[in-house]
Amino acid sequence: MGDEGRPEGRAAVRQALIRATIETFVEEGMSVSVRSIAARANVNHGLVHQYFGSKNQLLEEAFATVSQQAMDDLDGDGLPPADLVWRRNGEIPKMLARFFFELGPDANPIGASGLLRSWRDALVRLGVADDDADAADRVLMAASAAIGWSLFREYLLGGLATPLEERDALTDRVNQRIADVGGLPAGGDGADTVHP
């Protein structure tokens, strides 16, 4: 970093912009500008276009970073931790939502990561699923439920008028069911996890 906290060098600026993109999308939600990302990275906003070409390309690289972190979280068998969607302040589901709204349904940030394929293959290899089709069903149902639950938990609990004192126990039961469907051990190591 430079004298005023500015990153120096092309690689440092690129990494600062990627990290700022992730943090900004996770913390500020849907209305994020290139200027706010650049301000968070402590660089001129023109560098986004110079280093990435577009905001969309920056978003793609930020999601690739989040995906790599998720791949690093896989256990030795290739299974994700049950609390993956809650880790790092919910980066995965929040970045997926942002990616969808920015780039549309035709863009597929998940396909390149290999996370879902690793999970599917592990379920078959470990005998949790009967075959690829059964494993794919489990992975898709659990991933969809986990992402939706992590993004909309409060709305869903409110829709059921769940009393505040019952929400933690209900959340634990839902998390356990998602883990069961996905063939995952419950919980996680708690590392860098923001749990509901």
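Where in the chain is the place of Ser150? Keep that in mind as you read; the points below come back to Ser150 after an overview.

1. **What you are looking at.** Welcome to this structure, which is a predicted model. The chain contains 8 helices and 0 strands. Read from the N terminus, the order of elements is α-α-α-α-α-α-α-α.

2. **The chain as a whole.** There are 196 residues in the chain, and 42% of them are buried. Among contacts with a separation of 6 or more, 63% link residues 24 or more positions apart. The exposed area of the chain is about 10400 Å², with carbon and sulfur atoms supplying 53% of it.

3. **The largest core.** In soluble globular proteins, nonpolar side chains tend to be buried together. Here, the largest nonpolar core has 31 residues. Leu17, Ile22, Ile37, Val43, Leu58 and Met95 have the most contacts inside this core. Two or more residues each come from α1 (10-28), α2 (34-41), α3 (46-52), α4 (55-72) and α5 (87-103). Helix α1 gives the largest share, 8 residues.

4. **A second core.** Apart from the largest core lies another one, made of 18 residues. Its members include Ala135, Val139, Ala142 and Trp149.

5. **Leu17, a good place to zoom in.** You will find Leu17 in helix α1. Leu17 counts as buried because its relative accessibility is 0%, under the 20% cut-off. Leaving aside neighbours within four places in sequence, Leu17 is in contact with Ile37, Ala38, Ala41, Val43, Leu47, Val48, Tyr51, Phe52 and Leu58. One of these partners, Leu58, is 41 residues away along the chain, yet the two C-alpha atoms are separated by 7.9 Å.

6. **Ile22, another core residue.** Ile22 is also among the residues with the most contacts inside the largest core. Once neighbours within four places in sequence are set aside, the contacts of Ile22 are with Ala62, Thr65, Val66, Glu91 and Met95. Met95 is itself listed with Ile22 among the residues with the most contacts in that core.

7. **How α1 meets α2.** These two helices pack at an angle of about 120°, and their axes are 8 Å apart. The crossing of α1 past α2 is right-handed. On the α1 side, the residues involved are Ala16, Leu17, Ala20, Thr21, Glu23, Thr24, Phe25, Glu27 and Glu28. They meet Ser36, Ile37, Ala38, Arg40 and Ala41 of α2. Sorted by class, this contact has 7 nonpolar, 3 polar and 4 charged residues.

8. **Back to Ser150.** The place of Ser150 is in helix α7, which spans residues 132-159. Is Ser150 buried or exposed? It counts as buried, because its relative accessibility is 17% and the cut-off is under 20%. Not counting residues up to four places away in sequence, Ser150 touches Val85, Trp86 and Pro93.

9. **Asp134, in that helix too.** Asp134 lies in helix α7. At 23% relative accessibility, Asp134 counts as partly exposed. With neighbours within four places in sequence left aside, Asp134 is in contact with Val128 and Ala129. Asp134 and Val124 are 10 residues apart in sequence, and their C-alpha atoms are 8.4 Å apart in space.

Note on methods: Residues numbered from 1 in each chain as written. Predicted model: local features only at pLDDT ≥ 70, side-chain atom pairs only at ≥ 80, totals over all residues. Heavy atoms only, no water. Helix = DSSP H or I, 4+ residues; strand = E, 2+ residues; numbered from the N terminus. Buried < 20%, exposed > 50% of the residue type's maximum accessible area, 1.4 Å probe, protein only. Contact = heavy atoms within 4.5 Å. Areas by Shrake-Rupley, 256 points an atom, 1.4 Å probe, with all protein chains shown as cover. Core = buried A, V, L, I, M, F, W, Y, C linked by side-chain atoms within 4.5 Å. Axes fitted to C-alpha atoms, helices over the stretch in contact; angles between N-to-C directions. Left-handed = near helix turned anticlockwise from the far one by under 90°. Nonpolar A, V, L, I, M, F, W, Y, C, P; charged D, E, K, R; others polar.
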